[in-house]
Amino acid sequence: MTFPLPVQRLVQRAFSTLLLLVVGIGLTVARPNTALAAQVSPPVDPAALSRAVLAMEQLDQMRISLASTLEGRTEEPTIETMKEVCRPVGMRAVAIGKENGWQVRQVASKFRNPDHAPASAQEREVIDLFHRHPEINGLWEPAISEQGAGLNYYRRINVEPSCLACHGTKASRPAFVKDNYPNDMAFDFKVGDLRGMYAVHLPAEVQAAFAAAAD
Ligand code: HEC
């Protein structure tokens with residue numbers, strides 16, 4: 001069934017308002033003492049939101065399939081094959097950001113690459129929330145003032161059996177990890193643990209341009 005364009009716009013706008021409400025309610029429930037919901041006012045384009053969600057699902061799948069190529073190997077993997085798991089994921093994250101006008105990064109409290117340390121109070125809060133609530137897979141927050149108007153999407157990263165080859169015990173880490181990451185903290189994980197999260201910042205003006213292009 002197709003609606004005339006004004007009706008479609010109306011439906012889109014109603015959907016956007018609903019999403020903002022959901023974000024607002026989420027925040028109010030999480031932090032009942034702050035009136036953060038009132039600060040949420042960027043234009044939100046549903047298509048950009050779903051695109052960000054999809055992009056992070058695909059990025060996560062990329063890592064899982066790269067890591068699974070190492071699982072159950074009988075021969076000792078070469079240094080080159082060992083390296084081809086999380087660095088390419090980091091590079092793909094940056095590329096996704098460039099393609100869409102977003103900033104995409106990985107964040108972890110027990111990080112291996114210091115670039116992935118939590119960079120704001122909001123990132124620390126969301127990691128903590130993912131820790132305490134394993135049932136939460138992803139969530140939206142309003143961008144913080146340093147970022148300007150916009151939204152942030154966060155998506156959890158869990159530890160799978162195949163990750164333990166490099167994120168298991170300290171002693172069992174491959175030599176290239178021990179050599180290249182002297183201050184590594186990303187070990188001693190167990191299957192199902194929270195490993196970190198993807199953080200996507202969608203600036204408001206990019207969303208507005210995206211919405212205009214889709215009209
Ligand atoms: C072959 C070794 C290897 C495997 C297997 C591996 N990782 Fe990593 N992981 C690394 C290295 C090396 C880094 C640091 C990459 C960099 O410098 O950006 C890293 C970094 C990360 C980061 C970014 C945060 C940080 O600590 O810097 C996340 C998240 C992550 N790994 C999750 C996983 C998950 C989830 C799996 C399993 C699906 C996995 N890794 C499997 C080697 C590995």
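Here are a few friendly notes on this predicted model, from the sheet to the core, the ligand shell and one loop residue.

1. Let's start with the sheet. Its 4 strands form an open, antiparallel arrangement in the order E1-E4-E3-E2. E1 and E2 sit at the edges, each pairing on one side only. Direction ignored, neighbouring strands are turned by 20° against each other on average.

2. In the pairing of E3 (150-158) with E4 (194-203), the two strands run in the antiparallel sense over 9 bridges. If you want a spot to look at, take Leu151: its bridge partner in E4 is Leu202.

3. Two helices are worth viewing against these strands. H4 (86-100) packs on the sheet, where it touches E1 and E4, and its direction makes about 155° with that of E1. H5 (121-132) lies across E1, E2, E3 and E4, and runs at about 135° to E4.

4. Next, the largest nonpolar core, which has 26 residues. The members that touch the most others are Ala52, Tyr153, Met197, Tyr198, Val200 and Leu202. Helices H2, H4 and H5 and strands E1, E2, E3 and E4 each supply at least two residues of this core. E4 gives the largest share, 6 residues.

5. Tyr198 deserves a closer look within that core. Leaving aside residues up to four places away in sequence, Tyr198 touches Met56, Leu59, Ala93, Val104, Gln106, Arg155 and Ile157. There is also a second, separate core of 6 residues, including Ala67, Val85, Cys86 and Cys166.

6. Which residues come nearest to the ligand? Of the 27 around it, they are Cys86, Arg112, Asn113, Cys163 and Cys166. Cys86 and Cys166 will be familiar from the second core. H2, H4, helix H6 (164-167) and E4 each supply at least two residues of the shell. By kind, the shell divides into 15 nonpolar, 7 polar and 5 charged residues.

7. Finally, a loop residue: Gly192, found between helix H7 (175-180) and E4. Is Gly192 buried or exposed? Gly192 is exposed, because 11 other C-beta atoms lie within 10 Å, and the cut-off for exposed is 12 or fewer. Gly192 still has contacts from elsewhere in the chain: not counting residues up to four places away in sequence, Gly192 touches Asn158 and Val159. Gly192 and Glu160 are 32 residues apart in sequence, while their C-alpha atoms are 6.4 Å apart in space.

Key. Residues numbered from 1 in each chain as written. Predicted model: local features only at pLDDT ≥ 70, side-chain atom pairs only at ≥ 80, totals over all residues. Core = buried A, V, L, I, M, F, W, Y, C linked by C-beta atoms within 7 Å. Buried ≥ 20, exposed ≤ 12 C-beta atoms within 10 Å, placed from the backbone. Contact = placed C-beta atoms within 7 Å. Pairing = 2+ DSSP bridges. Axes fitted to C-alpha atoms, helices over the stretch in contact; angles between N-to-C directions. Near = placed C-beta within 6 Å. Nonpolar A, V, L, I, M, F, W, Y, C, P; charged D, E, K, R; others polar.
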